[in-house]
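Here are my notes on the model you sent over, as numbered points. I've started with the cysteines and then gone through the helix packing.

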Amino acid sequence: ENCRHNWLFLSAVQIQLLHGNMPLSVVFSYPSLWCLCCTLHTSSAMASVGGTVAAVLSVLLGLAFALAGAAKLFPALNPDLYKEMVANFIKYSPVFPLADMTGFRPPPDLYRQVVGSIELVSGPGLIFFPAEMKTICNGLLFAIMCGACYTHMAVGEPIVVPLVLGVLLGCVYVLRCQGAPSKEKTQ
C-alpha cells in the first residue's frame with residue numbers, strides 16, 4: 001500500500017545511454033517504476049495511467065534504442081562513438097552468450113551489425129508498430145539486454161545500463177499486458 005502512494009518520492013538515477021562525445025542521458029526512477037508497474041492494475045481508473053506510462057516509456061526506449069542502433073551501424077553519425085562501438089564489440093565477440101549452446105562465435109563486425117540492426121528496427125517498432133509487433137520488438141530488445149548483461153559481466157564492465165533498460169522493457173511489457181483486453185471479455 002505504501003508503495004503505491006510513495007513511488008513518486010523515490011530517488012532518481014541518471015542513466016547514460018550512449019557514451020563518447022554524444023551522450024544521451026535520461027533520468028528514471030527505476031525502483032519506483034517496478035512499484036508502479038506492479039500496482040497500476042489495481043483499479044480501472046489507474047489503467048489509463050498505466051497505458052500512458054507504457055506509451056511514454058515506449059517512446060523514450062524506442063528513441064534510445066534507435067540511437068544506440070544507429071551509433072553501432074553508421075560512422076557518419078558520430079565517428080568517435082562508432083569507433084568505440086567497434087572496439088567494444090571486438091571485446092564482446094569472444095564472450096558471445098550463445099557460443100556454448102550453438103558452437104557459433106560471431107565475428108565482431110557481424111555481431112555489432114546484427115545487434116545494431118535489431119535495435120534500429122525494434123526501437124521505433126516499440127512506438128509505431130501494431131500491438132502484437134510491439135510485443136515482439138519488446139521481447140527482442142529484452143533478449144539483447146539479457147545478453148548485454150551477461151557480456152558486460154563477462155568482460156568486467158558495469159551492467160547497470162542494460163539492466164535498467166531491461167527492467168524498463170519489462171515494465172512496458174507488464175503495463176501493456178495489464179491494459180490489453182482479455183480474450184474472454186471480448187468474446
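1. How far is the sulfur of C146 from the closest cysteine sulfur, and in which residue is that sulfur? Bear in mind that this is a predicted model. The closest partner is C149, with its sulfur 6.5 Å away, which is too far for a bond. A disulfide needs the two sulfur atoms within 2.5 Å, and by that rule the count comes to zero disulfides. As for exposure, C146 is partly exposed, at 41% relative accessible area. C177 is partly exposed too, with a value of 41%.

2. Now the overall picture. The protein chain has nine helices and two strands, and along the sequence they run α-β-β-α-α-α-α-α-α-α-α. There are 187 residues in the chain, and 39% of them are buried. If you take the contacts between residues at least 6 apart in sequence, 59% join residues at least 24 apart.

3. On to α7 and α8. Helix α8 covers residues 160-179, and its axis lies 9 Å from that of α7, at an angle of about 155 degrees. That angle makes the two helices roughly antiparallel, and their crossing is left-handed. On the α7 side the contact is made by K134, T135, N138, L141, F142, M145, A148, C149 and H152, while α8 brings in P162, L163, L165, G166, L169, V172, Y173 and R176. By type, these residues divide into eleven nonpolar, four polar and two charged. Note that C149, the cysteine with the sulfur closest to that of C146, is part of this contact.

4. What about the other neighbour, α6? Helix α6 (residues 108-128) packs against α7 at about 140 degrees, with the axes 9 Å apart. The pair is therefore oblique; an angle has to be over 145 degrees to count as roughly antiparallel. The crossing of α6 and α7 is left-handed. From α6 the contact takes Y111, V115, I118, E119, S122, G123, G125, L126, I127 and F128, and from α7 it takes K134, C137, N138, L140, L141, I144, M145 and T151. The split by type is eleven nonpolar, five polar and two charged. If you want to see where α7 serves both partners, look at K134, N138, L141 and M145, which are listed for the contact with α6 and also for the contact with α8.

5. Helix α6 also meets α4 (residues 79-92), with axes that come within 8 Å and cross at roughly 115 degrees. This crossing is right-handed. The residues involved are Y82, M85, V86, F89, I90 and Y92 in α4, and P108, Y111, R112 and V115 in α6. They divide into nine nonpolar, no polar and one charged. Y111 and V115 are worth a look, since they belong to this contact and to the one that α6 makes with α7.

6. H152 deserves its own point. It sits in helix α7, which spans residues 131-154, and at 16% relative accessible area H152 is buried. Setting aside sequence neighbours within four places, H152 is in contact with Y92, E157, P158, I159 and P162. Of these, Y92 is also one of the α4 residues that meet α6, and P162 is one of the α8 residues in the contact with α7.

7. I159 is in the loop between α7 and α8 and is partly exposed, with a relative accessible area of 22%. Leaving out neighbours within four places in sequence, I159 is in contact with C149, H152 and M153. The C-alpha atoms of I159 and M145 are 9.6 Å apart, with the two positions 14 residues apart along the chain counted as their separation. For I159 and A148, eleven residues apart in sequence, the C-alpha separation is 7.8 Å. A148 itself lies in helix α7 and counts as buried, at 16% relative accessibility.

8. Last, a residue in α7 to compare with A148: is M133 buried or partly exposed? M133 is found in helix α7 and counts as partly exposed, at 38% relative accessibility. The C-alpha atoms of M133 and S122 are separated by 9.1 Å, and the two residues are eleven apart along the chain. S122 is among the α6 residues in the contact with α7.

Conventions
Residues are numbered from 1 along each chain as its sequence is written. This is a predicted model: local features need pLDDT of at least 70, side-chain atom pairs count only at pLDDT 80 or more; totals for chains, interfaces and linings use all residues. Side-chain values use heavy atoms; hydrogens and water are left out. Helices (H or I, at least four residues) and strands (E, at least two) are DSSP runs, numbered from the N terminus. Buried means under 20% relative accessible area, exposed over 50%, partly exposed in between (1.4 Å probe, protein chains only). Contact means heavy atoms within 4.5 Å. Axes are lines fitted to C-alpha atoms, for helices over the stretch in contact, and angles run from 0 to 180 degrees between N-to-C directions. Angles under 35 degrees count as roughly parallel, over 145 as roughly antiparallel, 65 to 115 as roughly perpendicular and the rest as oblique. A crossing is left-handed if the near helix is turned anticlockwise from the far one by less than a right angle, and right-handed if clockwise. Ala, Val, Leu, Ile, Met, Phe, Trp, Tyr, Cys and Pro count as nonpolar, Asp, Glu, Lys and Arg as charged, and the others, Gly among them, as polar.
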